[in-house]
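The following note sets out some comments on the chain shown below. The points are numbered for ease of reply.

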Amino acid sequence: MSTEKKKNKTILSGIQPSGHLCIGNYVGALKNWVDLQYEYNSIFLVVDLHAITVRQTPSELRKQCLSFLAQYIACGIDPDTSTMVMQSHVSQHAELSWVLSTLTSMGELNRMTQFKDKSKRHSQNINAGLFTYPVLMAADILLYQADVVPVGADQKQHLELARDLAQRFNSRYSPTFSVPEPYIPKSGARVMSLQNPMKKMSKSDDNLNNLIALLDPPDVITRKIKRAVTDSGTDIRYDEVSRPGLANLISLYSSLSGMDIPTVENHFAGKQYSVLKKDLADLIVETLIPIQETYHSIIQDKDYLESILFNGANTAKYLARRTMSKVYRKVGFVVPKKEK
Ligand code: TRP
């Protein structure tokens, strides 16, 4: 790892390998990870253990996991700089999660808004894993002594729990875990659904017209943007409250072009919505084409992807063992002979 990195500072994040990685994930997460990986020691997870809290088709899940890894790389996560980890390859995630679950109260988990939302959406499958999901996420973070965790607003409550658990363990036993800080992405990084701009664009949305997948072909991208919901105004002005659909398109244009919002407004002054939509679609296509080209060339190369996971797991296991042996010792377990 480069010596210019904020030495001792580790950044960690992860995405569930379900649904379709989308432009919202790119702008809100992956694009930032790519920049941050050169500043910090970085660990990026494909959180397959989290994914099975909702029903998955095994053959599909396996494909999705490799596809997500390939998309991370195609977006610019550099395997020589960052550690990329398949969560299930490092058994300590589940082990630490167990220990942390004994420090977590039912009440804390009951308050989690994502649990409430997901219980509504998957009312036939409210399993215990869905309930303890935030504890596993805390384990992901604390296992590697992460200092900084980039997450969207919807994950803030989970990160808060990770911080509480770190502090709780540290004060009950002795200092063991770094207390992670959230990394708040720049404003405008939140991409909204194309058909319902009041809610966040979600990679797991059943209606694919709500999202631009990173792997959508150009004609699909153009069609989805053309059909994106806007109000019936005429001028291109940013107003999140009264014109959320238009604001979402302006904001996405701003994020991808690097122009700030007023500059985008000026750029389209006197033009019609259709011009913004056409230019935005072109800009998305231009951004995604190189990503798709890289993706299609590496997704076939299973050996390459497996070697990245092998190296990632090796680095991760070293760190994970170090944390877990401390944790088991501090809680009072007998240290097995070979580890002495
Ligand atoms: N729960 C996160 C999400 O749904 C994914 C996640 C799992 C995560 N473990 C993590 C994010 C650790 C950051 C750090 O978006």
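1. Helix H9 is a convenient place to begin; the model is a predicted one. On one side of H9, Asp219 and Lys226 are exposed. Val220, Ile221, Lys224 and Ile225 of H9 are, by contrast, buried. These four fall on the same side of the helix because the arc they cover around the axis is only 125 degrees. What do the buried residues of H9 pack against? Their packing partner is H12.

2. Helix H12 (273-299) recurs in the largest nonpolar core, to which it supplies at least two residues. That core has 60 residues, and those with the most contacts inside it are Ile23, Tyr26, Leu30, Tyr72 and Ile284. At least two residues each also come from other elements, including H1, S2, helix H3 (58-75), strand S3 (82-86), helix H10 (244-257) and helix H13 (302-331). The largest share is that of H12, with 11 residues. Both domain 1 (3-188 + 302-331) and domain 2 (216-297) are represented, each by at least three residues. As general background, nonpolar side chains in soluble globular proteins tend to be buried together.

3. Ile23 deserves a separate comment. Leaving aside neighbours within four places in sequence, Ile23 is in contact with Val191, Met201, Ile212, Leu214, Leu252, Leu256, Ile284 and Leu288. Apart from the largest core lies another one, of 37 residues, which includes Ile43, Val85, Phe169 and Met324.

4. The next point concerns the strands. Strand S1 (residues 10-15) has 5 of its 6 residues buried. S1 pairs with strand S2 (residues 41-46) in the parallel sense, over 6 bridges; within this pairing, Ser42 of S2 is the bridge partner of Ile11. Between S1 and S2 the chain passes through helix H1 (residues 23-36), and the resulting β-α-β crossover is right-handed.

5. Is S2 mostly covered or mostly uncovered? Of its 6 residues, 6 are buried. Asn41, Ile43 and Leu45 lie on one side of S2, with Ser42, Phe44 and Val46 on the other, so that both faces of the strand are covered. In a regular strand the side chains alternate between the two faces of the sheet. S2 also pairs with S3, again in the parallel sense, and this pairing runs over 5 bridges. Met86 in S3 is the bridge partner of Val46.

6. Two further residues may be inspected individually. Gln145, in the loop between helix H7 (128-143) and strand S4 (148-150), has a phi near 55 degrees, a positive value in a residue other than glycine. Most residues other than glycine have a negative phi. Ser251 is part of helix H10. Why does Ser251 count as buried? Its relative accessibility is 7%, and the cut-off for a buried residue is under 20%. From Ala146, Ser251 is separated by 105 residues in sequence and by 30 Å in space, C-alpha to C-alpha.

How values were computed
Residues are numbered from 1 along each chain as its sequence is written. This is a predicted model: local features need pLDDT of at least 70, side-chain atom pairs count only at pLDDT 80 or more; totals for chains, interfaces and linings use all residues. Side-chain values use heavy atoms; hydrogens and water are left out. Buried means under 20% relative accessible area, exposed over 50%, partly exposed in between (1.4 Å probe, protein chains only). Two strands pair if DSSP finds at least two bridges between them. A crossover is right-handed if, with the strands pointing away from the viewer, the path from the first strand over the helix to the second runs clockwise. A nonpolar core is a set of buried Ala, Val, Leu, Ile, Met, Phe, Trp, Tyr and Cys residues joined through side-chain atoms within 4.5 Å. Domain bounds come from an automatic or database domain assignment. Contact means heavy atoms within 4.5 Å. The arc is that of the directions from the helix axis to the C-beta atoms.
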